Amino acid sequence: MDKRLQFSIWYFVLGFVLLIWLQDWLSATHRIELKYSDFKKAVAARQVSDIAITKDSIRGTITADAMKQYAPETKGMESSGTKHTFATVRVDDPDLTKDLQAAQIAYRGEMESNFLSNLLSWVLPMLVMVAIWQFLFHRMGGAGHGLMSIGKSKARVYVEDDIKLDFSQVAGIDEAVAELREVVAFLRTPEQFTRLGGRLPKGILLVGPPGTGKTLLARAVAGEAKVPFFSLSGSEFVEMFVGVGAARVRDLFEQAQAKAPCIIFIDELDALGRARGVNPVGSNEEREQTLNQLLTEMDGFNPNSGVVLMAATNRPEILDPALLRAGRFDRQVVVDRPDIAGREAILRVHTAHLVLAPDVDLKLLAARTPGFVGADLANVANEAALLAARAGKPAIDMSDFDEAIDRTVAGLRKKSNLMTPDEKHRVAIHEAGHALVATLVEHADPIRKISIIPRGVAALGFTVQVPAQDRHLYTRSEIQDRLAVLLGGRVAERIQFDEISTGAADDLQKATELARSCLLEYGMSERLGPVAFSAERGTFLAAPGMPSRADYSVETAVAVDREMHDLLEGVETRVHQLLDAYRNTLLAIAARLEQTEIMDGAELREIVEREKQKSSPLLPSREALA
């Protein structure tokens with residue numbers, strides 16, 4: 001298996017150390033180093049021969065007996081029979097040649113060559129530095145690109161055989177698939193649509209929340225059409241160098257024209273196509289130049305060449321209007337959150353390779369996951385498989401899916417920092433209040449589960465409601481019942497403990513936002529009249545938490561605050577009377593929760609019906625408290 005080496009400065013440090021060692025090893029004589037005085041003694045005793053005299057050194061051979069006498073510490077050196085080579089430093093000795101001639105020892109003079117030393121000292125280090133520079137040169141340009149090719153497109157190109165995806169593997173977004181099937185037909189048989197003078201669409205924009213399958217859908221189009229697929233993100237166009245983004249746009253379209261018919265897919269288009277001029281102080285000239293080049297290229301290429309530009313974004317409101325006009329992104333395909341049938345189809349795709357127990361009901365799971373997108377459902381299926389494997393089960397059952405859904409909604413179950421008995425009792429009362437109000441009011445969604453097991457960061461308990469069907473419209477009475485369920489926990493704490501806790505903070509925030517929308521956006525107030533008092537559009541430019549300027553007067557703002565206060569106070573009064581009338585039922589639900597920590601909807605309804613038979617209080621009507 002290939003392993004890609006990662007860059008590390010220690011590689012070069014090690015290389016330099018090895019180079020120095022190699023130079024020392026090659027330049028060394030590998031001979032016995034004799035003192036000059038010992039050399040003179042060996043000459044007098046005629047223990048040396050074949051003397052070579054250079055400018056700085058004297059070399060020759062020495063007998064084994066002399067080696068043991070003058071250098072006993074040396075072992076395993078180069079030898080020739082009973083003789084060994086030696087070297088010593090030449091000193092200014094005018095009697096040297098006389099002594100050699102007197103001892104009848106043959107000697108000769110030699111010129112030293114520095115070629116190898118120069119090669120190791122200069123050439124090899126230069127080669128190493130060039131190699132280092134080339135390595136860094138390529139890294140500066142990104143993977144697969146040198147610095148001089150930084151203007152080249154970074155698009156990942158998938159040829160026809162690389163894409164193993166088609167529309168059969170895309171579920172839950174049937175309307176978007178049906179819209180894009182026509183694009184596939186454009187790419188397969190363009191002459192069928194151009195024979196009457198029409199032109200192919202230039203651009204298709206996929207719009208939808210995160211995780212709904214926009215990227216998956218684009219790849220499925222390429223897989224169905226069997227054409228090359230250029231994929232890249234909007235942020236990959238922009239670099240620190242001015243003009244690089246525009247150059248990459250030009251290069252991308254040149255490559256696409258060469259491989260037409262093909263698909264160019266730009267993910268997260270909002271990173272590149274944000275509206276120009278909306279914030280002059282923080283404008284980015286490089287990004288705007290890149291966007292201008294993209295607009296020019298979309299106008300310039302021939303629509304009948306077979307190049308289709310697809311893009312995806314979850315923030316279409318911030319895109320530049322020039323991108324969205326006819327002739328550029330001709331079509332906008334909404335990839336919305338799936339309905340209950342779509343969620344069931346998505347679950348079938350993601351569980352096709354899993355070992356499921358007979359009790360797994362995908363239709364029921366789809367009903368229990370309202371608002372989930374494809375990525376959420378894929379995560380639920382994977383989490384359920386991991387939970388079943390961790391428990392050593394032979395198959396994945398419904399309990400594993402239930403726990404996976406709870407993990408996705410509320411977070412991991414806490415096994416440390418458990419609640420004290422007083423906190424547990426308070427949380428049980430709080431969740432029992434939510435559940436009881438949801439059971440008693442007319443328009444609330446049915447309760448599926450109540451839990452007082454701490455999860456996630458701050459969830460000490462939670463109540464899960466499952467709508468009978470997907471809803472898109474709500475009446476004023478239905479919104480009031482939703483507000484009643486949100487305030488049920490807070491009111492239950494006040495009834496039982498005569499004070500409230502911080503546990504109702506999230507409920508109160510959601511209730512306030514819902515009440516504000518009811519009055520400002522939906523016009524559900526007799527006092528304010530049929531007027532939509534919405535905040536100024538374009539709040540995406542403000543930082544999170546920053547208030548946006550309202551488009552109504554201060555007097556109207558005061559009236560809105562008073563109306564919202566009256567609405568929430570009226571709902572709270574109604575919930576207080578409701579729970580006070582069913583206080584015994586509230587305590588019975590809370591006591592059962594403290595024992596089991598988890599209660600399903602069937603057991604909740606059984607307790608409520610049993611307590612109703614004991615007493616039937618007169619419930620306050622919504623109209624009486626309006």
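Reader: Starting with the surface, what share of the area that the protein chain exposes do carbon and sulfur atoms supply?
Author: Keep in mind that this is a predicted model, where local features need pLDDT of at least 70, side-chain atom pairs count only at pLDDT 80 or more, and totals for chains, interfaces and linings use all residues. Numbering runs from 1 along each chain as its sequence is written, and side-chain values use heavy atoms, with hydrogens and water left out. The protein chain exposes about 34400 Å² (Shrake-Rupley, 1.4 Å probe), and the carbon and sulfur share of that is 54%.

Reader: And what percentage of the residues in the protein chain is buried?
Author: Buried means under 20% relative accessible area, exposed over 50%, and partly exposed in between (1.4 Å probe, protein chains only). Out of 626 residues in the protein chain, the buried share comes to 42%.

Reader: How many helices and strands does the protein chain have?
Author: Both are DSSP runs numbered from the N terminus: H or I over at least four residues for a helix, E over at least two for a strand. On that count, the protein chain has 22 helices and 15 strands.

Reader: Which residues have the most contacts inside the largest nonpolar core?
Author: A nonpolar core joins buried Ala, Val, Leu, Ile, Met, Phe, Trp, Tyr and Cys residues through side-chain atoms within 4.5 Å, and the largest one here has 51 residues. Helices H16 (421-440), H17 (476-497) and H19 (554-581) are among the elements that each supply at least two of its residues. Another core, of 27 residues, lies apart from it, with Leu 165 and Ile 263 among its members. The top residues for contacts inside the largest core are Leu 436, Val 437, Leu 483, Leu 579, Ile 589 and Leu 604.

Reader: What is Leu 579 in contact with, leaving aside its neighbours within four places in sequence?
Author: Contact means heavy atoms within 4.5 Å. With those neighbours set aside, the partners of Leu 579 are Gly 433, Leu 436, Val 437, Gly 488, Val 491, Ala 492 and Ile 495.

Reader: Which residues of helix H12 are buried?
Author: H12 spans residues 340-350, and its buried residues are covered by parts that include helix H13 (362-367) and helix H14 (374-390). The buried ones are Gly 342, Arg 343, Glu 344, Ile 346 and Leu 347.

Reader: Is Asp 498 buried or exposed?
Author: Asp 498 sits in the loop between H17 and H18, and its phi is positive, near 65°, though the residue is not glycine. Its relative accessibility is 66%, so Asp 498 counts as exposed.
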